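Colleague: I am new to this structure and should be grateful for a close look at a single part of it. Would you please take me through the part you choose, step by step?

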Amino acid sequence: MESRGVASHSNIVSSKQKKAKRREILEKKKAIDELIKAASSEKDHLVYFQPFCHYNRNGLSVFLESGSGDKLSSSVKRYIQNLLKVNMEMAFGPEWSTEEKVKCRDMVASEARYIFVHEAPNASVDEISMKLDKSPLVGFVNYRFTLEEDIPVLYVYEIQLESHVQGKGLGKFLMQLIELIARKSCMGAVVLTVQKANALAMNFYRSKLRYTISSISPSRVDPLMGLEKSYEILCKAFDHEAKAILELIWGGGILKLLRVTHTNSF
């Protein structure tokens, strides 16, 4: 009888521990979901970073404006489509016709967030709010707040700049701003996808910004599978848990193969 009592007590303790663990997991998931919901519902992330709304260096003067995918005007949609085609058609080659359709669908999603880049060389900071609608667009960043391996992340879907504003430090400036937005929103990392053929972009992220090939990238999940894929997933993690999961050399999770590949041109 005594041994049965001990066993019964042990089972009760084990059951309580399992319930407590499940409750802890559910509470953590709820907290993460609330983080992503709060970040995604923010109408203007730039309001917290006013000094970053104007870039005036290397003979270039631009102003930034926030936007969302479900509120794009017809003219802005056409601009995005045209710039993507100009910058990315060659990198994708024969895959472009399929990829273009995916990008057109993604760009108008309600969860898509934008930073629009307006060139305004003759406008002052005080004047720009009245001139944004008349100042030409010269680029944009398209990003979302989502989950990767249960880590809340800011995923950069696109960073696209016109050729005449590239090479002036603007791309690095925009990525620094993106990282600030991610940290302000309590995300664990910034994640993005780069075509292997885009050597300029790969060098920019890996050498200049110190991004690493993520554990969820095909080449890390399965080197043989990675050889067949035309892209790598890069990341920069901000905390210990995100680093342990997303920057681990060999990933432990199953790669989400349906992840849409996103690319960048700066």
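**Helix 2, helix 3 and the largest cavity**

Modeller: The axes of helix 2 and helix 3 come within 10 Å of each other and cross at roughly 150°. Please bear in mind throughout that this is a predicted model. The crossing in which helix 2 passes helix 3 is right-handed. On the side of helix 2, the contact is made by Lys77, Ile80, Gln81, Leu84, Lys85, Met88, Glu89 and Phe92. Helix 3 meets them with Trp96, Glu99, Glu100, Lys103, Cys104 and Met107. Sorted by class, the residues of this contact are seven nonpolar, one polar and six charged.

Two of the residues just named lead on to the next feature. Lys103 and Met107, which helix 3 brings to the contact with helix 2, are also among the residues that lie nearest the centre of the largest cavity. The others listed there are Asp106, Asn142 and Glu158. In total, eleven residues line this cavity. Helix 2 (74-92), helix 3 (96-107), strand 4 (137-148) and strand 5 (151-161) are the elements that each give two or more residues to the lining. Of these, helix 3 gives the most, with three residues.

What classes of residue make up the lining of the largest cavity? Six are nonpolar, two are polar and three are charged. As for volume, the largest cavity holds about 50 Å³ of space. The model has two cavities of 30 Å³ or more.

For comparison with the helix pair, two loop residues deserve a short account. In general, most residues other than glycine have a negative phi. Asn58 is not a glycine, yet its phi is positive, at about 50°. Asn58 sits in the loop between strand 1 (54-57) and strand 2 (60-68). Its relative accessible area is 52%, and Asn58 is therefore exposed, the cut-off being over 50%.

Arg210 likewise has a positive phi, of about 65°, although it is not a glycine. The loop that holds Arg210 runs between helix 6 (199-208) and strand 7 (212-213). Is Arg210 buried or exposed? With a relative accessibility of 63%, Arg210 counts as exposed.

To return to the part under study, helix 3 both makes contact with helix 2 and gives the most residues to the lining of the largest cavity.

Notes
Residues are numbered from 1 along each chain as its sequence is written. This is a predicted model: local features need pLDDT of at least 70, side-chain atom pairs count only at pLDDT 80 or more; totals for chains, interfaces and linings use all residues. Side-chain values use heavy atoms; hydrogens and water are left out. On a 1 Å grid over the protein atoms alone, a cavity is a set of points where a 1.4 Å probe fits but cannot get out, and a pocket is an open set with protein on both sides within 12 Å along at least five of seven lines; lining residues have an atom within 4 Å of a point. Grid points are joined across faces, edges and corners, and a volume is the space filled by probe spheres set on the points. Helices (H or I, at least four residues) and strands (E, at least two) are DSSP runs, numbered from the N terminus. Ala, Val, Leu, Ile, Met, Phe, Trp, Tyr, Cys and Pro count as nonpolar, Asp, Glu, Lys and Arg as charged, and the others, Gly among them, as polar. Axes are lines fitted to C-alpha atoms, for helices over the stretch in contact, and angles run from 0 to 180 degrees between N-to-C directions. A crossing is left-handed if the near helix is turned anticlockwise from the far one by less than a right angle, and right-handed if clockwise. Contact means heavy atoms within 4.5 Å. Buried means under 20% relative accessible area, exposed over 50%, partly exposed in between (1.4 Å probe, protein chains only).
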